[in-house]
Every structure is written in C-alpha cells, then in structure tokens.
Amino acid sequence: MRLALYEPDIPQNAGAILRLADCMGVEVDVIEPSGFVWSDRHLKRAGMDYMDRVHVVHHDSWKRFLTARPDRLVLLTTKASLSHINYNFDRGDILLCGSESHGVPQAVHDAVDAQIRIPMSSDARSLNVAIAAAIVLSEALRQTDGYPSAR
C-alpha cells in the first residue's frame, strides 16, 4: 500500500500525510511540481520528526510517475460514484490524492484504475486532503490486514 500526492500545494497537509504514512508503515510518492519547497518550515512543523523516517519518492511529472508505478492506482475524488467502503482494496494499491487547490486534471481521471469517494453530507464540498487520506488508508489497511500491528 502506498500514498501518492499529485502536485501538493499546502505544506502543512503534505507534512501531515508524511506523518500518517510513517505511522501506518506506507511509502509516499510525490508527483511534482509541488506548490512549495520541500524544506518549507510548515512542512517540517507538520511532519515533525516523522519526515526523516518515511520513504518518499519524488517524480518529476505525472508521465514519469505513470511509467514507474507497478500497482493499481486508486484516485480519491469527490467526483466518483463508488464509496471507499464498497471498494475492494489490494495490498499493492496506490492511493492517489489530488492537489488541495485544483484536484487532478481529466487526464489523471482517465488514467487511474479506480475512482472512489468518501460519503459526506450532501451540502459539504470536500474534506481536507490529509483527513481524506487517513480515512481511505485506514479502510484499505483494515480490508487487507495491513495495519502495522497486524504484520
């Protein structure tokens, strides 16, 4: 199981996701360009000492990421009709989170293997990307018996 961040642009959210990844024992792919420098103080503050412990792979572009990815790519998006609860995750899935400010372009939607959403109140627009990543990763790890304590 991996998390992938498509052109992240809020360092605090990226730091929180890196902390989540370390705590859950998953690796992270970052698809550039990012909207901040990876030495940003906000990123470091949110990621704390966990940042040095998580394995992060940076990809120069979406195209390069696509050529490097070995496993099924699952996009977290408010545009999907399938709930993450009703999706059957595999241990090798890559959970792709879009940019906070603009999500992902149609070309990304077209290239993924699956699109899932988190059920929310009908008047809500979207969740914070770090919270969404935590909710979906938790369900994926539960389904695949992948929590660190279960290994």
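Here are some notes on the sheet, the helices packed on it and the largest pocket.

1. Before anything else, keep in mind that you're looking at a predicted model.

2. Start with the sheet. It is an open one built from 6 strands, and if you walk across it you meet them in the order S3-S2-S1-S5-S4-S6. The pairing is parallel. At the edges you'll find S3 (56-59) and S6 (114-116); each has a single partner strand, so one side of each is left without a neighbour in the sheet. From one strand to the next, the twist averages 25°.

3. Now zoom in on one pair. S2 (residues 27-31) runs parallel to S3, and the two are joined over 4 bridges. To spot one of the bridge partners, look for Val28 and then for Val56 in S3.

4. Next, what packs on the sheet? Helix H1 (residues 11-24) does, touching S1 (2-6), S2 and S3. The direction of H1 makes about 170° with that of S1. Helix H5 (residues 129-143) packs on the sheet as well, and its contacts are with S1, S4 (73-76), S5 (94-97) and S6. Compare directions again: H5 makes about 160° with S5.

5. Last stop, the largest pocket, which holds about 610 Å³ of space. Its lining counts 26 residues, and nearest the centre lie Leu76, Thr77, Thr78, Ser126 and Leu127. Which elements give two or more residues to this lining? They are S4 and H5, with H5 giving the most, at 3 residues. By class, the lining has 11 nonpolar, 11 polar and 4 charged residues.

Terms used
Residues numbered from 1 in each chain as written. Predicted model: local features only at pLDDT ≥ 70, side-chain atom pairs only at ≥ 80, totals over all residues. Heavy atoms only, no water. Pairing = 2+ DSSP bridges. Axes fitted to C-alpha atoms, helices over the stretch in contact; angles between N-to-C directions. Contact = heavy atoms within 4.5 Å. 1 Å grid on protein atoms, 1.4 Å probe; cavity = no way out; pocket = protein on both sides within 12 Å on 5 of 7 lines; lining within 4 Å. Points joined across faces, edges and corners; volume = space filled by probe spheres on them. Nonpolar A, V, L, I, M, F, W, Y, C, P; charged D, E, K, R; others polar.
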